[in-house]
Amino acid sequence: MTGQGGFIVKFFTRAAAWFGAQSGNEVKEDKEPIIIEPLRIPRDQHPISRSNISNGSLKVLYTLKDAGHEAYLVGGAVRDLLADIEPKDFDIATSAHPDEIRRLFRSCRLVGRRFLIAHVRMGEEILEVTTFRGPITDSHERDETGRILSDNVYGTLQEDAFRRDFTVNALYYDIRDFSIVDFAGGVEDLRQRSLRLIGDPELRYREDPVRMLRAVRIANKLGFSIAKDTAEPIHRLASLLREIPPARLFDEVLKLFLSRDAVANLKGLRKYGLFSHLLPLTDEALDADGPSVETLINRALANTAARIVADQPVTPAFLFAAMLWPAYAKRLEQLERKQGHAPPVAQVQAAEEVIAHQQLRIAIPKRFSLPMREIWSLQPRFENRRGARVKRLLSHPRFRAAYDFLLLRGQSGEPGAMELAEWWTQAQKGEDLPPLPREDHGRGPAPEQDEAPGAPGEAPKKKRRRRGGRRRRKPGEAPGGGEG
Ligand code: ATP
Ligand code: MG
């Protein structure tokens, strides 16, 4: 953290006093709501300036304030600015109710079933504006593991603070006087570089098991350690992730792995026994095959991270193709070698089985699972390095992703893959094809199974062509293989 030297130390004593109060000595439980005096860090004692905050957020904050509502910047943005990290997005918390928010902004959409969130558009930006949440009570609907299913009670700023997950995520930047409001000791935890859940950790994980994933991700993002009592229950409660809808886990997995901290996140998830509930086949492959699988996956994650740092596009299709490749390759071998399936049939079946198994945990949308299958099914075609097949593969819409994947296989030490990748590197450069290695001269080409697929996932209906023969397209069948 930079540039905020004294303020944290100054308020530490009050934070400690607050923790004392929370442990039950000073605040008496009675029927009156307990009002906790938060720490207030005035503008001249913290480093967040309006120039760090996006124009859209400032407009929303001022509009809410001018209409007589409380309005705060909250969550990751305040946390990241205090930790000297550029915020990813700006979240706003307000006393205004969703219908009041909607009336104030021209472009506003209410989303969410469990809890209404207003998405306010300001130019290019979309800001998430949430009404203060009320405390969890017995009236909240839960499942048998304690997970909160419905959540629609509004509350005060203080109540909102205690509904948030980690202390460092419960800091509020007040647009009235630019001070920071801290109910939960987040400022002190930032100083200690410690990620701590608010309240009883086990209870908070049971309310929402995704907080276990958030603990790993946010700790790595900030370079913080997870506080002992916050870390302790994770291993024990990891299996609660099975209760989370696969669509939500897909979003969380992308945040974990399409990230500059992807490698550390994988390590953290494995350490806490969380990964086996997200990608069980990958977890098994890592346990069974150890180093080579680990190299492939870590390389894929490190490449992704490097692309994110360099502001290059990344796709979940490539990521999942890499994560699930060891399981796919193993199943393919079983089907081909042990069960004697022909390669094209085995490929379709292996892909189908591995993806179906994965979908039980994480809902990978078709727009990613289809190109992922294609990356896999193009791999054997790199072995055909003769004549027109080469040109056809080079102009395949998914060539680039498949070639990058071949390189990845090569870099992670898969026998023969690097030599093949180098040949294709050359082939992309010139008019003349590079010479084939000696052992390839006598070898017949592998069948082209996927040049013009029918419905993805369908076993090829056509018979295998005779070598060199031309195949006629069926009416309605797409020319070329990719779906763009
Ligand atoms: P980042 O945006 O960097 O991923 P973030 O902490 O801002 O991190 P968001 O998902 O944007 O994450 O959530 C915004 C805020 O909402 C959090 O800082 C936290 O206060 C609150 N929050 C998010 N998820 C939960 C949760 N599962 N339980 C309780 N509070 C949550
Ligand atoms: Mg955020």
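The following exercises, each with a worked solution, concern a predicted model of a protein with a bound ligand.

**Exercise 1. The shell around ligand 1**

Determine how many residues surround ligand 1, and how they divide into nonpolar, polar and charged residues.

*Solution.* Begin with the count: ligand 1 is surrounded by 17 residues. The closest of these are Arg 79, Asp 208, Arg 211, Arg 217 and Lys 221. Next, sort the shell by residue class. It holds 14 charged residues and three polar ones, and no nonpolar residue.

**Exercise 2. Secondary structure elements of the shell**

Identify the elements that give two or more residues to the shell around ligand 1, and state which element gives the most.

*Solution.* First locate the ligand: ligand 1 takes up the space of the largest pocket. Two or more shell residues come from each of helix H3 (76-82), helix H8 (210-222) and helix H10 (246-257). Then rank the contributions: H8 gives the most, namely four residues.

**Exercise 3. Polar contacts and burial of the ligand**

Find the distances from oxygen atoms of ligand 1 to side-chain atoms of Arg 79, Asp 89 and Lys 221, and then state what share of the exposed area of the ligand is buried by the protein.

*Solution.* Take the side chains one by one. For Lys 221, an N or O atom of the side chain is 2.7 Å from an oxygen atom of ligand 1. For Arg 79, the corresponding distance from a side-chain N or O atom to a ligand oxygen is 2.9 Å. For Asp 89, a polar side-chain atom and an oxygen atom of ligand 1 lie 3.5 Å apart. Now turn to the surface: ligand 1 taken alone exposes 580 Å², of which the protein buries 84%.

**Exercise 4. Two residues with positive phi**

Phe 178 has a positive phi, and so has Asp 311. Place each residue in the chain and decide whether it is buried or exposed.

*Solution.* Consider Phe 178, which is not a glycine and has a phi of about 65°. Its position is the loop between strand E7 (171-174) and strand E8 (180-182). Because its relative accessibility is 18%, under the limit of 20%, Phe 178 is buried. Asp 311, likewise not a glycine, also has a phi of about 65°. This residue belongs to the loop between helix H13 (291-309) and helix H14 (316-338). With a relative accessible area of 72%, over the limit of 50%, Asp 311 is therefore exposed.

**Exercise 5. A serine in a loop**

Establish where Ser 259 is found, how it is classed by accessibility, and which backbone nitrogen lies 2.8 Å from a polar atom of its side chain.

*Solution.* Ser 259 is in the loop that joins H10 and helix H11 (262-271). Its relative accessibility is 9%, so Ser 259 counts as buried. The backbone nitrogen in question is that of Asp 261.

**Exercise 6. Pairs separated in sequence**

For Gly 155 and Arg 299, give the location and accessibility of each, and the C-alpha distance to Gly 134 and Val 263 respectively.

*Solution.* Gly 155 occurs in the loop between strand E6 (125-131) and helix H5 (157-163). Because its relative accessible area is 22%, it is partly exposed. Although 21 residues separate Gly 155 from Gly 134 in sequence, their C-alpha atoms are 3.7 Å apart. Arg 299 is part of helix H13. At 34% relative accessibility, Arg 299 is likewise partly exposed. Val 263 is 36 residues from Arg 299 along the chain, and the C-alpha separation of this pair is 8.6 Å.

Technical notes. Residues numbered from 1 in each chain as written. Chains lettered and ligands numbered in written order. Predicted model: local features only at pLDDT ≥ 70, side-chain atom pairs only at ≥ 80, totals over all residues. Heavy atoms only, no water. Near = heavy atom within 4 Å. Polar contact = N/O pair within 3.5 Å; in protein donor to acceptor, adjacent residues only side chain to side chain. Areas by Shrake-Rupley, 256 points an atom, 1.4 Å probe, with all protein chains shown as cover. 1 Å grid on protein atoms, 1.4 Å probe; cavity = no way out; pocket = protein on both sides within 12 Å on 5 of 7 lines; lining within 4 Å. Sits in = over half its atoms within 2 Å of the grid points. Nonpolar A, V, L, I, M, F, W, Y, C, P; charged D, E, K, R; others polar. Buried < 20%, exposed > 50% of the residue type's maximum accessible area, 1.4 Å probe, protein only.
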